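Student: Please take one part of this model and look at it closely. I would like to start from a single loop and then see how its surroundings fit into the rest of the chain.

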Amino acid sequence: MDQVLAGKQEVGSSAPATTPAPRIAVLVPCFNEELTIGNVVNDFRAALPEAEIYVYDNNSTDRTIDVALKAGAICRKETNQGKGNVVRRMFADIEADVYILVDGDDTYDAASARRLIEPILHEQADMVNAVRVATGKQAYRSGHRFGNTLLTTALSQSFGHQCKDILSGYRAMSRRFVKSFPALSEGFEIETELTVHALELGVRIAEITAPYKERPEGSVSKLRTMHDGFRILWVILLLLKAERPFRFFASISIVMFLLMVGLAIPLIVTYLETGLVPRLPTAVLVTGLAITGLLTLMSGVILETVTRGRRENKRMRYLSYPAIQVPSPKPT
């Protein structure tokens, strides 16, 4: 009898199952980064030895893949040109608990990676953005700085969040955020779409500051300041129409109503004085503006209802993935 009781106590005192350590993946989209990709892989291996480093080549014509393989990265290819296409493939293919997205040009500080993932592991944040702090005059050119400030302000005014650096290519994200992200952009505007997706889900966004270095000599930036800047601004307008349709269409409707009032006042004054409407084309234009403004406003109301349902679906998709479970520290 004593042996049976002892056996039961032994079974009941067995230690609970331990929570596995979170899987961390460093995602590096690359296009002709032969000169820098080796340093990027080595630096992140030193900063996060437990992480797996994935390099996705986007039709490079140099030795980017060879250098990345030699440095120990897991290398794959994406043939559809554009950073957004590469990120979409990465998010679909790679399974991890924490994702770090970084450019392969060796301008971002790998030593900051540990600080970047801390809010996700211990504060339940879903996206942590690295706000760039230039370490040299050529690291963050004045044109890029002005464009970033302009686009960041436009996004903040449109979606109601004071982000400091929406175009940063260095950020960490949780699994539930990544797997619920639709990734529709094809180029450098992918960072803007990531930020808007986080704002629409209402998840926690954190920011840290991180050094931003100059490109090594011989390395050429793929960013075209004016072209890509206009593309990003256009994406912000499209996202505003898609995610804030009432505000977008109501703004157009207000402009039409103001034009209508400005044109209608002289007609009304003339009619009250003479009983005549001498400018018939203007009267027709006023009527057309009134009808168009009303239809535009009603379109915004209807699309706002549709968008609310779509936003709820995205939120439910996000909630279908469990939160990160970090092992508790051993008691001292």
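**A loop and its surroundings**

Tutor: Asn59 sits in the loop that runs between strand 2 and helix 3. The model is a predicted one, and the backbone at this position deserves a look: Asn59 has a phi near 65°, a positive value in a residue that is not glycine. Most residues other than glycine have a negative phi. With a relative accessible area of 32%, Asn59 is partly exposed; it falls between the limits of 20% for buried and 50% for exposed, and therefore belongs to neither class.

A second loop gives a parallel case. Gln124 is placed between helix 5 and strand 5, and its phi is also positive, about 60°, although Gln124 is not a glycine. Gln124 counts as partly exposed, at 44% relative accessibility.

The elements that flank these loops lead inward. The largest nonpolar core has 36 residues, and those touching the most other members are Val26, Val28, Ile37, Phe44, Ile100 and Tyr170. Strand 2 (52-57) and helix 3 (64-71), on either side of the Asn59 loop, each supply at least two residues of this core. The same holds for helix 5 (113-122) and strand 5 (127-134), which flank the Gln124 loop. Other contributors of at least two residues include strand 1 (24-30), helix 2 (37-47), strand 4 (98-101) and strand 7 (205-212). Helix 5 gives the most, with five residues. Apart from this core there is a second, separate one of 24 residues, with Leu27, Phe91, Ala96 and Ile190 among them. In soluble globular proteins, nonpolar side chains tend to be buried together.

Some nonpolar side chains lie on the surface instead. Phe246, Leu294, Met298 and Val301 form a nonpolar patch there, with about 340 Å² of accessible area together. Helix 11 (residues 280-319) provides the largest share of this patch, three residues. Leu294 is found in helix 11 and is partly exposed, at a relative accessible area of 48%.

Last, the confidence. The chain averages a pLDDT of 83, and 83% of the residues score at least 70. Strand 4, one of the contributors to the largest core, has the highest mean pLDDT among the elements, 96, whereas helix 1 (residues 2-12) has the lowest, 45. Over residues 1-16 the pLDDT is below 50, and this stretch has zero contacts in the model beyond near neighbours in sequence. Where pLDDT is low, the predicted coordinates should not be read in detail.

Technical notes:
Residues are numbered from 1 along each chain as its sequence is written. This is a predicted model: local features need pLDDT of at least 70, side-chain atom pairs count only at pLDDT 80 or more; totals for chains, interfaces and linings use all residues. Side-chain values use heavy atoms; hydrogens and water are left out. A nonpolar core is a set of buried Ala, Val, Leu, Ile, Met, Phe, Trp, Tyr and Cys residues joined through side-chain atoms within 4.5 Å. Buried means under 20% relative accessible area, exposed over 50%, partly exposed in between (1.4 Å probe, protein chains only). Helices (H or I, at least four residues) and strands (E, at least two) are DSSP runs, numbered from the N terminus. Patches are made of residues with over 30% relative accessible area and no salt bridge: like charges are joined within 9 Å, nonpolar side chains (Val, Leu, Ile, Met, Phe, Trp, Tyr) within 5 Å. Accessible areas come from the Shrake-Rupley method with a 1.4 Å probe; for residues, only the protein chains shown count as cover. A salt bridge is a side-chain nitrogen of Lys or Arg within 4 Å of a carboxyl oxygen of Asp or Glu. pLDDT is the predictor's confidence in each residue, from 0 to 100. Contact means heavy atoms within 4.5 Å.
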